[in-house]
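Got your viewer open and your selection syntax warmed up? Take a look at the model below, then let's walk through it stop by stop.

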Amino acid sequence: MRFTTREDIELPIDDVFAAISDFQGFERAALRRGAEVARLEDGTQGWTIRFRHRGRQRELVSRITRLDAPEGLTTEGRVGGLDGTMDLELTALAPYRTRLRVDLNIKPRTLTARLLVQSLRLAKTSLNNRFKSRVRVFARNIESRG
């Protein structure tokens, strides 16, 4: 299942890249929301994040697989029976205007996850609208900090 959107941000591409690659800031935000965050010990840039969602304890393992300043980055994650890849691409439209394109792809690995993704397909329109709204809020937060 794939979700894609784009937002224009009124900042230079270097400033936007600095914001999307502020991993310590994302760690602090997760900790404030009650998650446990630990860096991976295998030498890669990644994290194990434990959090409660819908009454159950979850564990997300996420790795940065591509980090190309200032063009963007790619993360891969695994939570439960789902594998996900999020690709953030930056394009300079003008000296003080950058386009952020976010592409999220979720793939099930287990039968339970396959059933979950199948049920999510029934609500694809509302999920896509929520995804676009969250990316829009993220982009506006980057603008307000810049």
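What follows is a short tour of a predicted model, going from the sheet to the helices that pack on it.

**Stop 1: the sheet.** Switch to cartoon and select the strands. You get 7 of them in an open sheet, ordered 1-7-6-5-4-3-2, with antiparallel pairing. Strand 1 and strand 2 sit at the edges, each pairing on one side only. From one strand to the next, the twist averages 20°. If you want to see the pairing itself, turn on hydrogen bonds: strands of a sheet pair through those of the backbone.

**Stop 2: the strand 2 edge.** Select 36-39 and 46-53, which are strand 2 and strand 3. How many bridges hold this antiparallel pair? There are 4 bridges between strand 2 and strand 3. Label alanine 38 and you'll find its bridge partner, threonine 48, in strand 3. Now add arginine 39, which stands opposite tryptophan 47 of strand 3. The two strands make a hairpin with 6 residues between them, and in that turn glycine 43 has a positive phi of about 90°.

**Stop 3: helix 2.** Step back along the chain and select residues 23-32. Helix 2 lies across strand 2, strand 3, strand 4 and strand 5, at about 150° to strand 2. Show side chains for its buried residues: Phe23, Glu27, Ala29 and Ala30 are among them, and Gly25 is on the list too. These buried residues pack against helix 1 as well as strands 2, 3, 4 and 5. Just after helix 2, click glycine 34, another one with a positive phi, near 95°.

**Stop 4: helix 1.** Select 13-20 for helix 1. Helix 1 lies across strands 1, 4, 5, 6 and 7, running at about 160° to strand 6.

**Stop 5: helix 4.** Finish with residues 124-145: helix 4 has 22 residues and spans 32 Å from its first C-alpha to its last, close to the 32 Å expected at 1.5 Å a residue. Which of its residues are buried? Color Leu127, Asn128, Phe131, Val135, Ala139 and Ile142 to see them. They all end up on the same side of helix 4 because they cover an arc of only 110° around the axis. Strand 1, helix 1, strand 7 and helix 3 are what these buried residues pack against. Then spin the view to the face turned away from the buried side, where you'll meet the exposed residues Thr125, Arg130 and Ser144.

How values were computed:
Residues are numbered from 1 along each chain as its sequence is written. This is a predicted model: local features need pLDDT of at least 70, side-chain atom pairs count only at pLDDT 80 or more; totals for chains, interfaces and linings use all residues. Side-chain values use heavy atoms; hydrogens and water are left out. The expected span of a helix is 1.5 Å times one less than its number of residues. Buried means under 20% relative accessible area, exposed over 50%, partly exposed in between (1.4 Å probe, protein chains only). The arc is that of the directions from the helix axis to the C-beta atoms. Contact means heavy atoms within 4.5 Å. Two strands pair if DSSP finds at least two bridges between them. Axes are lines fitted to C-alpha atoms, for helices over the stretch in contact, and angles run from 0 to 180 degrees between N-to-C directions.
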